[in-house]
Amino acid sequence: MNKFSFVDCKTVDEALGQLNNGATVKAGGIDLLDLMKEGIVAPPKLVNIRNVDSLRGITVSKDGLHLGPLVTLSEIAAHPDIQRTYSGLSDAAGHAATPQVRNMATVGGNIMQRPRCWYFRSTDFDCRKKGTSDVCHALTGENQYHAVINNSTCAMVHPSSTAVPLLGMNATVELTSKRGKRTVAMSDFYVPPEKSLINETVVQPGELITGIFVPAPEPGTRSAYQKYGEKESFDWPIADAGIVLVMDGNRCRKAAVVMGVAAPTPIRSAAAEAVLTGKTIDEATARAAAKAAMQGATPLSQNGYKTQLFQTAIYRTVLLAAGQMQRDPSAIG
Amino acid sequence: MADAPKMEFSRRGFLKGAGITAASTVIESANALARDAKDGLSGPQAVGPDAIPIKLRINGQEHAVTVEPRYTLAQTLRDNLEMTGTKVVCDRGSCSACTVWIDKTPALACMTLAVDAVGREITTIEGLSHGETMHPVQAAFVKHDAMQCGFCTPGMVMSCAALLERNPNPKLSDVKHAVSGNLCRCGTYPKVFAATLDAAQQRGQIADLVTLNTGTERYDGA
């Protein structure tokens, strides 16, 4: 790890005042320390926001759910109101990584994780994403965990599990800088590689995530999240699905179908949502939606299996959200 | 032929020049401070990158160490404080061998900076036992032979002991969940489960006799 200076901040203003000259925000520190130990990033200064009290706390009101960015994944997973009303979010937070990581990792840091791609995460490779070469090694190399959709520029995937339900639940992210505050929808938060290989999110230097807000669900809303991977614990998903259904009896009035590690950023499938909307949710519609989500997928040489695994994830998670299936024991976490 | 330009350099002149440089640095710093104050942003001072003295509260005792900000808690425990009970295996947060409690919550010492642990209550495997008297989970691990190479064991014990702190009557699924981050390449999991469930039972019977060492003594076994 590179040498760096460290500044411990107690307020948002203190932290904003320190965010200059390449200084990097540190919250739970899990992904950041990983990247620093691997030599992928080498910030000269870490701005510790972990002791900024105003960035903590879960507030549930009739308007919705407010998460301070320092809320840990454990806190989200264990919160009874989130389990009841935003169950897709507690599923996602509770099945990420390990208990120890969930005790430390924050929701703000979870959505700000850098992409997963072993070429990007290794100093042995220059690549298009790093800006050190024009090559994406994943396109021709080892690509079994890489993206199956929107993967022609850079086939990385975004590992955040909480971003998946947050996108399906129309969450917004509040960003604060010295110039003021702005609010960004989760649907605009991530920047796909074809737009920018440098910016993975819309968060600009000098900006800090100061809140995440999930609007209160409409009556009849049910949600679920499941992920599939190689190991039962710690592993990142190979396929995951976040489903939000607004139900009118057995009929689905509105649907959000979100996939996490299908593309370089978490994405919704309009095709799958169209299949579910206005239909009675049963095994046949769930299967049809799953199939629609993978129409147009462009798997690479080693990850064609992911298109099948995503269909399984979506099919089972639609039924789980609709209350027609128990949590799949083969889902990991 | 023109004369070569004369080099004029005196010690006095050098000091005078250096003085001006130093003075202007001070003025620039003062201006920066004034600017920050005006913005309401004068604030905390950065420490490092060189080693700085910090105090860590570990197993109820305060320890003074001098570490660089890049030192992890795991490195600091092992290298600076010789508390080698906490093991480091992957050093990336994927194996949980370095599990300690931070403010009574299981956390990864390898992914925690020592400077970030200041002001927190750290409990390591050395703090679980009362001198030579083992924590019920440790005793149960011995009784059930819940270890082979032993490298994952301290982290495993910290996870299981933390489980019993928050749930004195765990089910098998609770134990499995509690150690789901602790990797054991030897495959001791069935014995870890048995030991922890046994410890919970034993502990229920002798709850009054065993309290966690928050304390005064430090167990010196490695």
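Contact here means heavy atoms within 4.5 Å. This is a predicted model, where local features need pLDDT of at least 70, side-chain atom pairs count only at pLDDT 80 or more, and totals for chains, interfaces and linings use all residues. Residues are numbered from 1 along each chain as its sequence is written, chains are lettered from A and ligands numbered from 1 in the order in which they are written, and side-chain values use heavy atoms, with hydrogens and water left out.

**View 1. Helix α2 of chain A and what covers it.** Helices (H or I, at least four residues) and strands (E, at least two) are DSSP runs, numbered from the N terminus. "Buried" stands for under 20% relative accessible area, "exposed" for over 50%, and "partly exposed" for anything in between (1.4 Å probe, protein chains only). α2(A) spans residues 30-37, and 8 of its 8 residues are buried, so the rest of the structure largely encloses it. That list takes in A:Asp31, A:Asp34 and A:Lys37 along with A:Ile30, A:Leu32, A:Leu33, A:Leu35 and A:Met36. The cover includes β2 (24-26), β3 (45-48) and α6 (99-104) from chain A, plus β4 (105-108) from chain B. Just past the helix, A:Gly39 has a positive phi of about 80°.

**View 2. A:Leu65 in strand β5 of chain A.** The strand covers residues 64-67. A:Leu65 is buried, at a relative accessible area of 0%. Leaving out residues up to four places away in sequence, A:Leu65 touches A:Ile58, A:Thr59, A:Val60, A:Ile82, A:Tyr86, A:Leu89, A:Ile212, A:Phe213 and A:Val214. A:Val214 sits 149 residues away in sequence, yet the C-alpha to C-alpha distance from A:Leu65 is 5.0 Å.

**View 3. Helices α12 and α13 of chain A.** Axes are lines fitted to C-alpha atoms, for helices over the stretch in contact, and angles run from 0 to 180 degrees between N-to-C directions. The axes of α12(A) (residues 283-294) and α13(A) (residues 305-321) come within 8 Å and cross at roughly 145°. The crossing is right-handed (near helix turned clockwise from the far one by less than a right angle; anticlockwise would be left-handed). From α12(A), the contact uses A:Glu283, A:Ala286, A:Arg287, A:Ala290, A:Lys291, A:Ala293 and A:Met294; α13(A) brings A:Thr307, A:Phe310, A:Gln311, A:Ile314, A:Tyr315, A:Val318 and A:Leu319. By class, that's 9 nonpolar, 2 polar and 3 charged residues. Ala, Val, Leu, Ile, Met, Phe, Trp, Tyr, Cys and Pro count as nonpolar, Asp, Glu, Lys and Arg as charged, and the others, Gly among them, as polar.

**View 4. Helices α3 and α4 of chain B.** Here α3(B) (residues 136-143) packs on α4(B) (residues 153-166) at an angle of about 125°, with the axes 9 Å apart. That makes the pair oblique (under 35 degrees is roughly parallel, over 145 roughly antiparallel, 65 to 115 roughly perpendicular, and the rest oblique). This crossing is right-handed. B:Val137, B:Gln138 and B:Phe141 of α3(B) meet B:Thr153, B:Met156, B:Val157, B:Cys160, B:Ala161 and B:Leu164 of α4(B). The split is 7 nonpolar, 2 polar and no charged residues.

**View 5. The two chains as backdrop.** Chain A has 13 helices and 12 strands, and 59% of its 333 residues count as buried. Chain B has 6 helices and 5 strands, with 42% of its 222 residues buried. From the N terminus, the chain B elements go α-β-β-α-β-β-β-α-α-α-α.
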